[in-house]
Structure formats: structure tokens, C-alpha cells
Amino acid sequence: GLITARSGIKVGSGITLSPDGHGYYTGITTIQSNDNVYALEVFNSHASGQGLQIRAGSGNGQYALLVEDKTGNNLFEINADGEVDVKKGHIQANHGINVTGIATIGSNLIVNGTSTFNDDTILAGASANVSWDKSNNYLQWADNAQAVFGASADLKIFHDGTDSTIDNDTGALYIKSNTSTQLLVNNTENAVVATALPLIHI
């Protein structure tokens, strides 16, 4: 039948049910279901209520949330510092992911939609980087980082810290212009001027 306890219910030293409906459990609580439903469902019907709050211990290496498969293998971890570690499977976000801070991805990142980078972006190489500089609106190749074109890296453009090089290994190198083409020395002096007529040497 129905039991009414106006001052709450206490079961041994592990379970306390308060008069306002709160439940306090000390020790390990095991919830098991053999039906084709959720073993645990958390629902707050209050308009401004929260769903679920989990707090980790204060010691190092404590989990705020640990999800295991039926054989005890870790699937998903959130540690006390808020770091998320997906051990198996992948994260599927149908409505986007908003990350504030540093996101470290130890394996492949597959993006099936349009990617927008709203700040500086660095593509790190083994010894030289390529970066998008938002404030200056340019894509910058660091010294010895090469812009390479062609399936066999046929055309390379790079700066080695002293000199700049355009290196074409396959076929001819064409520079086309609707009017004239000028190669300048010291930004002002013509070294070569090419028009519709044959090349003119200055």
C-alpha cells in the first residue's frame, strides 16, 4: 500500500528520502532493467529546471562521468577537469559543435559540410607552417613552406628566408596578360617588358 512519512524516510545508513521528495544515496547505486526501455530516465518537469547534475571527486584522475559497454570497456569519459574522451565510436553532432578553447583531435577529422574558420588558422608542417592571417586578410607561407601545384609537385613557389623561387619541373611556364607584362628590379626599374610584340630586353 501507500506509505506516508511526513518527516522523510531513512533506510539504514545509505538511503534517505526527504519530505520534499529529494533522495540521497550513499555508496554505489545499481539500476538494472531487463525490459526494452531505458534503465534510467531523468526528467525535470519544471520550466526552468535542470535535467542531470554530476559532480566528480576532488582527487586527481576522478571521473565526472564514465560510460562502459556490457563487457566493462570504457566508451566515453568526462574527467573532473571537463575533458571529454571518446574511447570507441565517434561523436555525431547533427546541429553543430561549439568549442571555446583548444580542441585536440588525436585521429582523423571528417567534415561533410562547409567549414568556416573565423580567426587565424595554422596548418602545421614538419618544419614550416602555412597560416591564414585574419587581421591582414592573407594566406601566409612561412620560410621554406612551399605552394605546390600538379599531381607530381610539378610547380613550386617558395621563399627560403633570403630568395624567392618559382620552380617549374614539367612542361613550359606560361605567364599571360591581356596587355603587357613587366618584370621590375627594385620595384621601379624595368628588367623585362613584354607586349604583343616580341620580347624587348631593356
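**Stop 1: the E10-E11-E12 sheet**

Select strands E10, E11 and E12 in this predicted model. The three strands form an open sheet in that order, with antiparallel pairing. Color E10 (147-149) and E12 separately: these strands stand at the edges. Each has a single partner strand, so one side of each is left without a neighbour in the sheet. Look along the sheet next. Neighbouring strands are turned by 5° against each other on average, direction ignored.

Now keep E11 and E12 on screen. Their antiparallel pairing runs over 5 bridges. To find one of them, click Phe158: its bridge partner in E12 is Thr165.

In general, strands of a sheet pair through backbone hydrogen bonds, either parallel or antiparallel. Display the backbone atoms for this step.

**Stop 2: the salt bridge**

Stay in this region and show the side chains of Lys156 and Asp169. These two residues form a salt bridge, with the closest N and O atoms 3.0 Å apart. Where does each partner of the pair sit? Lys156 is in strand E11 (residues 155-159), while Asp169 is in the loop between strand E12 (164-168) and strand E13 (181-185). The pair links distant parts of the chain, 13 residues apart. How many salt bridges does the structure hold? The count is 1.

Is Lys156 buried or exposed? Its relative accessibility is 17%, so Lys156 counts as buried, the cut-off being under 20%.

**Stop 3: Gln146**

Select Gln146, in the loop between E9 and E10. Its relative accessible area is 37%, which makes Gln146 partly exposed. Which residues does Gln146 touch, not counting those up to four places away in sequence? They are Trp141, Lys156, Ile157 and Phe158. Two of these names are familiar: Lys156 is the salt-bridge partner of Asp169, and Phe158 is bridged to Thr165.

Draw a distance from the C-alpha atom of Gln146 to that of Ile166. The viewer should give 9.9 Å, for residues 20 apart along the chain.

In the loop that holds Gln146, pick Asn144 too, since Asn144 also lies between E9 and E10. Its phi is near 75°, a positive value in a residue other than glycine. Most residues other than glycine have a negative phi. Asn144 counts as partly exposed, at 47% relative accessibility.

**Stop 4: the E8-E9 hairpin**

Step back along the chain to strand E8 (residues 130-133) and strand E9 (residues 138-141). They run antiparallel and are joined by 4 bridges. Start with Val130, which stands opposite Trp141 in E9. Trp141 has come up before, as a contact of Gln146.

Now follow the chain round the turn. E8 and E9 form a hairpin with 4 residues between them. What is the phi of Asn137, in that turn? It is positive, about 60°. Is Asn137 buried or exposed? Asn137 counts as exposed, at 60% relative accessibility.

**Stop 5: the E1-E2-E3 sheet**

Move to strands E1, E2 and E3. Here too 3 strands form an open sheet, in the order E1-E2-E3, with antiparallel pairing. The edge strands are E1 (9-11) and E3 (23-25), each pairing on one side only. The twist averages 10° from one strand to the next.

Strand E2 (residues 15-17) pairs with E3 over 3 bridges, in the antiparallel sense. Click Ile15 and look across to Tyr25 in E3, which stands opposite.

**Stop 6: a nonpolar patch**

Keep Ile15 and Tyr25 selected, and add Ile9, Val11 and Leu17. Switch on the surface. Together these residues make a nonpolar surface patch of about 420 Å². E1 and E2 each supply at least two residues of the patch. Tyr25 lies in strand E3. Why can Tyr25 belong to the patch? Patch residues need over 30% relative accessible area, and Tyr25 is partly exposed at 49%.

**Last stop: the whole protein**

Show everything. The protein has 0 helices and 15 strands. Color by burial: buried residues make up 7% of the 202 residues. The protein exposes about 18,000 Å², and carbon and sulfur atoms supply 50% of that area. Then turn to contacts between residues at least 6 apart in sequence. Of these, 1% join residues at least 24 apart.

Terms used:
Residues are numbered from 1 along each chain as its sequence is written. This is a predicted model: local features need pLDDT of at least 70, side-chain atom pairs count only at pLDDT 80 or more; totals for chains, interfaces and linings use all residues. Side-chain values use heavy atoms; hydrogens and water are left out. A salt bridge is a side-chain nitrogen of Lys or Arg within 4 Å of a carboxyl oxygen of Asp or Glu. Buried means under 20% relative accessible area, exposed over 50%, partly exposed in between (1.4 Å probe, protein chains only). Two strands pair if DSSP finds at least two bridges between them. Axes are lines fitted to C-alpha atoms, for helices over the stretch in contact, and angles run from 0 to 180 degrees between N-to-C directions. Contact means heavy atoms within 4.5 Å. Accessible areas come from the Shrake-Rupley method with a 1.4 Å probe; for residues, only the protein chains shown count as cover. Patches are made of residues with over 30% relative accessible area and no salt bridge: like charges are joined within 9 Å, nonpolar side chains (Val, Leu, Ile, Met, Phe, Trp, Tyr) within 5 Å.
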